[in-house]
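Colleague: Please take a close look at the site of the ligand in this model. Before you turn to it, kindly go through the backbone of the loops as well.

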Amino acid sequence: MKVNGTHYRSLWWDAQKGALQIIDQRWLPHDFRIQQLDTLADYATAITDMHVRGAPLIGATAAYGMALAMAQDSSDAALARAWELLHATRPTAINLRWALDRCRAALAPLEPGARADAALRLAHEIADEDVEINRRIGEHGLALIREIAAQKADGAPVQILTHCNAGWIATVDWGTATSPMYQAHDAGLPLHVWVDETRPRNQGALTAWELGSHGISHSYITDNAGGHLMQHGQVDLVITGTDRTTRQGDVCNKIGTYLKALAAKDNGVPFYVALPSPTIDWTVTDGIGEIPIEERPGQEVTHVQGSDTSGRISPVRVTPEGTPAGNPAFDVTPHRLVTGLITERGICEASAEGLAGLFPDLAG
Ligand code: MRU
């Protein structure tokens, strides 16, 4: 998508420098900074400390990390070490393991001398596939938005609520939850997006930055506002992303998603999840019992980062000094609360049958 009129992906390979370039998301929405990743430690830090974030982008970054590792040392031991180091960066988003496993499976059978080139080709392939998956998710989601728009009187905007940032910077391009929004806007459908702030890290500000850059009408709201808006008929549809979806359709996503699904259910608002197939964990059925939930530093809760009146970006403490904080980063929305899953192959029910029907080749 575009930043100040220039098309960007959220990461790209600079062939001249022989290195990956990322948008360092820690500074957004206040500052647009590009970072080059030169060492495997740079990759691990970029994922752990959320210079890059969002399940699909974490997976694609890890694939480039494997390519860098193979360019430096293509032995079996280096392959295993790179997999371990990158896998340990973040525990919840399954795209990380999906990408690492795919790289290891492709590279391990090769002669060490052939691994570096093959790893870089595979990383490009994973990045390009992500773009195409998300474009298709957008097409299927657009059909859904069209249906709702057709039922509205006098061209009133379709009101969509989203949580966190499942936007283009959380993927390689398009985003998952935002892809239908971009495509609907580009097709001329009137939209208004309610953007949840998404404490503690305020990924909603990233979504607001994206939507604003694309000219999509939106309002930034506190995480507590969604239920009220739904009670007053101001939300037609919820679309969120997912970090890991189980084979029965339980959805693990950014903390607070579950509460939005409960409110949506109570108010008869359709709750959809945009789901690229690499985000399905076919080895897991019950999301609440089986998905590891990342516990992040308490400082993300006790402090908020922002830009002050002089434009200086800095964290501000909002609690008494020394206040202990809890920071579970994700929660699980049981499949019974999910109206449907918008995948690259179409929309299905959030159930074992629904997912296996669309992905018989993956469901096993
Ligand atoms: O902790 P984050 O910012 O990586 O969490 C991101 C989310 O929860 C997104 O909704 C999810 O990864 C889907 S991104 C297309």
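Modeller: I begin with P29, which is placed in the loop that runs between β4 (19-23) and β5 (34-37). The model is a predicted one, and in it the peptide bond leading from L28 to P29 is cis, with an omega near 5 degrees. A second cis bond joins R199 to P200, where omega is near 10 degrees. P200 also belongs to a loop, namely the one between β7 (191-196) and α7 (203-214). M50 deserves mention for its phi, which is near 65 degrees and thus positive, although the residue is not glycine. M50 is located in the loop between α1 (40-48) and α2. These features are worth noting because most peptide bonds are trans and most residues other than glycine have a negative phi.

The helix that follows the loop of M50 leads to the ligand. α2 (55-72) supplies at least two residues of the shell around the ligand, and β11 (251-254) likewise supplies at least two. The ligand is surrounded by 18 residues in total, the closest being R53, R90, D243, N253 and K254. By character, the shell comprises seven nonpolar, seven polar and four charged residues.

Where does the ligand lie with respect to domain 1 and domain 2? Domain 1 (2-129) contributes residues to the shell and so does domain 2 (137-363); the ligand therefore lies between them.

Several of the closest residues make polar contacts with oxygen atoms of the ligand. In R90, a polar side-chain atom is 2.8 Å from a ligand oxygen atom. For D243, the distance between an N or O atom of the side chain and an oxygen atom of the ligand is 2.7 Å. N253 likewise places a polar side-chain atom 2.7 Å from an oxygen atom of the ligand. How much of the ligand's area does the protein bury? The ligand exposes 410 Å² when taken alone, and the protein buries 100% of that area. In terms of internal space, the volume that the ligand takes up is the largest cavity.

In summary, the ligand lies between domain 1 and domain 2, within a shell of 18 residues, and its accessible area is buried to 100% by the protein.

Technical notes: Residues numbered from 1 in each chain as written. Predicted model: local features only at pLDDT ≥ 70, side-chain atom pairs only at ≥ 80, totals over all residues. Heavy atoms only, no water. Near = heavy atom within 4 Å. Polar contact = N/O pair within 3.5 Å; in protein donor to acceptor, adjacent residues only side chain to side chain. Areas by Shrake-Rupley, 256 points an atom, 1.4 Å probe, with all protein chains shown as cover. 1 Å grid on protein atoms, 1.4 Å probe; cavity = no way out; pocket = protein on both sides within 12 Å on 5 of 7 lines; lining within 4 Å. Sits in = over half its atoms within 2 Å of the grid points. Helix = DSSP H or I, 4+ residues; strand = E, 2+ residues; numbered from the N terminus. Nonpolar A, V, L, I, M, F, W, Y, C, P; charged D, E, K, R; others polar. Domains from an automatic or database assignment.
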